[in-house]
Amino acid sequence: EPAYYWFHRILHIPSIMRLHHKVHHDSVVPRPSADFTFTVAERLSYTLLFSTVFLVSNHYGYLTVGYIWFMMLLFDAINHLGHLNSELFPEKYLDNKIVRNLVYSCSFHAIHHSKYNYNYSLFMPIWDTIFGTNYDERELFIEAKRNNPQDVKEEQ
């Protein structure tokens, strides 16, 4: 997480952003297809960065095929959730600072796509909190919950 946070901030340096990360940010409103919009160089950089988890696991004898599949599927599932443009957490999520620092909401990531200099964390907003780049998602979160069709209760 902290390595990704700093790598992601580097991607937002204007000259690097124009060459690589801008393609991903062309989706100002996140959508699932944005998960796959990266230049080849950016994709290779991510592969190198994330492979360190597997290299360290292998070094200590914990790397298995099952672990690789688990981590890849978990990573992809959480990444897709962040690009749904629909809020999944209940409003109580906003009141729990511990959970809000450990698990990002769809709204947290949506703010990153619209306000490029905030909310760089991969999945754990604590890094944005520590380094002062956290933009509170409360207003967007509440708006997203209001507009989620699955949250609309039928009148009886």
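The following exchange concerns pockets, a helix and salt bridges in a predicted model.

Local features here need pLDDT of at least 70 and side-chain atom pairs count only at pLDDT 80 or more, whereas totals for chains, interfaces and linings use all residues. Residues are numbered from 1 along each chain as its sequence is written, and side-chain values use heavy atoms, with hydrogens and water left out.

Colleague: Which helix gives the most residues to the lining of the second largest pocket?

Modeller: A pocket is an open set of points on a 1 Å grid over the protein atoms alone, where a 1.4 Å probe fits, with protein on both sides within 12 Å along at least five of seven lines; lining residues have an atom within 4 Å of a point. The second largest pocket has 17 lining residues, and Ser107, Ala110 and Ile111 are among those nearest its centre. Helices are DSSP runs (H or I, at least four residues), numbered from the N terminus. The largest contribution to this lining, 5 residues, is from α6.

Colleague: Is α6 largely enclosed or open, and why?

Modeller: Buried means under 20% relative accessible area, exposed over 50%, and partly exposed in between (1.4 Å probe, protein chains only). The buried residues of α6, including Phe108 and His112, pack against α1, α2, α4, α7 and α8. Because 8 of its 9 residues are buried, α6 is largely enclosed by the rest of the structure.

Colleague: Which acidic residue forms a salt bridge with Arg100 at 2.7 Å?

Modeller: A salt bridge is a side-chain nitrogen of Lys or Arg within 4 Å of a carboxyl oxygen of Asp or Glu. Arg100 counts as buried, at 14% relative accessibility. Its partner at 2.7 Å, N to O, is Asp136. This pair links distant parts of the chain, 36 residues apart, from Arg100 in helix α5 to the loop between α7 and α8 that holds Asp136.

Colleague: Is Glu137, which also forms a salt bridge with Arg100, buried or exposed?

Modeller: The closest N and O atoms of Glu137 and Arg100 are 3.2 Å apart. The pair spans 37 residues, with Glu137 in the loop between α7 and α8. With a relative accessible area of 2%, Glu137 is buried.

Colleague: Which residues do salt bridges that share partners join into one network?

Modeller: The search of the whole structure finds 3 salt bridges. One of them joins the side chains of Asp136 and Arg138 at 4.0 Å, N to O. Through shared partners, the network consists of Arg100, Asp136, Glu137 and Arg138.

Key. Helix = DSSP H or I, 4+ residues; strand = E, 2+ residues; numbered from the N terminus. Contact = heavy atoms within 4.5 Å.
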